[in-house]
Amino acid sequence: MLPEHAGQVLTVYQAGIDGGDATFETTAPAWEAFDASRLDEHRLVAVDGDGRVLGWTAVVPVSDRRAYAGVVEHSVYVDPDAQGRGVGLALLRALLASTDAAGIWTVQSGIFPENTASLALHAKAGFRTVGTRERLGRHQGRWRDVVLVERRSPAVG
């Protein structure tokens with residue numbers, strides 16, 4: 001993911017937000033905030049032959065405490081026009097190769113239970129369901145549950 005992808009990455013992010021079942025966020029942040037919060041070495045985009053961003057994935061650390069140095073939370077978003085074509089799985093596989101190589105032992109994410117496509121994608125990529133966090137937060141005027149999924153590295157930890 002390079003700075004020239006910024007506009008397209010945020011457009012794909014906003015499309016996911018607008019779908020209503022991807023995140024508690026209601027609008028994509030400015031690029032500066034997005035850029036500052038994600039780890040540089042684990043940000044990836046999938047692009048087509050014309051350079052159009054089809055999807056992206058990135059991670060944030062879960063804590064600044066040393067004990068959690070190998071634990072990250074990830075996001076993966078695919079342009080609605082590119083969904084169902086393996087883009088999300090390719091992005092997750094590339095991300096997991098990147099995090100394994102960097103010594104990260106746990107990659108996790110929170111997914112709304114209504115987002116069955118994302119839950120299936122993560123299961124296919126080797127994530128397991130840890131549990132459901134009930135009424136974790138309010139989103140668009142209602143309480144939402146979040147399914148916690150994680151993938152433990154077979155190479156680390």
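**Exercise 1. Determine whether Asp100 and Arg151 are buried or exposed, and describe how they are paired.**

Solution. Both Asp100 and Arg151 are buried, where buried stands for under 20% relative accessible area, exposed for over 50% and partly exposed for what lies in between, with a 1.4 Å probe and protein chains only. This is a predicted model, in which local features need pLDDT of at least 70 and side-chain atom pairs count only at pLDDT 80 or more, while totals for chains, interfaces and linings use all residues. Residues are numbered from 1 along each chain as its sequence is written, and side-chain values use heavy atoms, with hydrogens and water left out.

The next step is the pairing: Asp100 forms a salt bridge with Arg151, and the closest N and O atoms are 2.7 Å apart. A salt bridge here is a side-chain nitrogen of Lys or Arg within 4 Å of a carboxyl oxygen of Asp or Glu. The pair links distant parts of the chain, since Asp100 belongs to helix α3 and Arg151 to strand β6, 51 residues apart. Helices (H or I, at least four residues) and strands (E, at least two) are DSSP runs, numbered from the N terminus.

**Exercise 2. State how many salt bridges the structure holds, and examine Arg128 with Glu150 and Asp48 with Arg52.**

Solution. The structure holds eight salt bridges. In one of them Arg128 is joined to Glu150, with the closest N and O atoms 2.8 Å apart, and this pair links distant parts of the chain, Arg128 in strand β5 and Glu150 in strand β6, 22 residues apart. Arg128 counts as partly exposed because its relative accessible area is 47%, whereas Glu150 counts as buried because its relative accessible area is 13%.

Turning to Asp48, this residue forms a salt bridge with Arg52, the closest N and O atoms being 3.5 Å apart. Asp48 has a relative accessible area of 24% and is therefore partly exposed, and Arg52, with 31%, is partly exposed as well.

**Exercise 3. Describe the largest nonpolar core, then follow Val87 and Val78.**

Solution. A nonpolar core is a set of buried Ala, Val, Leu, Ile, Met, Phe, Trp, Tyr and Cys residues joined through side-chain atoms within 4.5 Å. The largest such core has 21 residues, of which Val87, Leu92, Val107 and Phe127 touch the most other members. The elements that give two or more residues to this core are β2, β3, α3, β4 and β6, and its largest share, six residues, comes from α3.

Next, take contact to mean heavy atoms within 4.5 Å. Leaving aside neighbours within four places in sequence, Val87 is in contact with Ala46, Leu54, Gly55, Val78 and Ala82. Val78 is found in strand β3 and counts as buried because its relative accessibility is 16%. With neighbours within four places in sequence again left aside, the contacts of Val78 include Val12, Gln83 and Gly88.

**Exercise 4. Give the volume of the largest pocket and describe its lining.**

Solution. On a 1 Å grid over the protein atoms alone, a pocket is an open set of points where a 1.4 Å probe fits, with protein on both sides within 12 Å along at least five of seven lines, and lining residues have an atom within 4 Å of a point. About 1200 Å³ of space lies in the largest pocket, the volume being the space filled by probe spheres set on the points.

The lining consists of 47 residues, and Ala22, Val76, Tyr77, Asn115 and Ser118 lie nearest the centre of the pocket.

How values were computed
Ala, Val, Leu, Ile, Met, Phe, Trp, Tyr, Cys and Pro count as nonpolar, Asp, Glu, Lys and Arg as charged, and the others, Gly among them, as polar.
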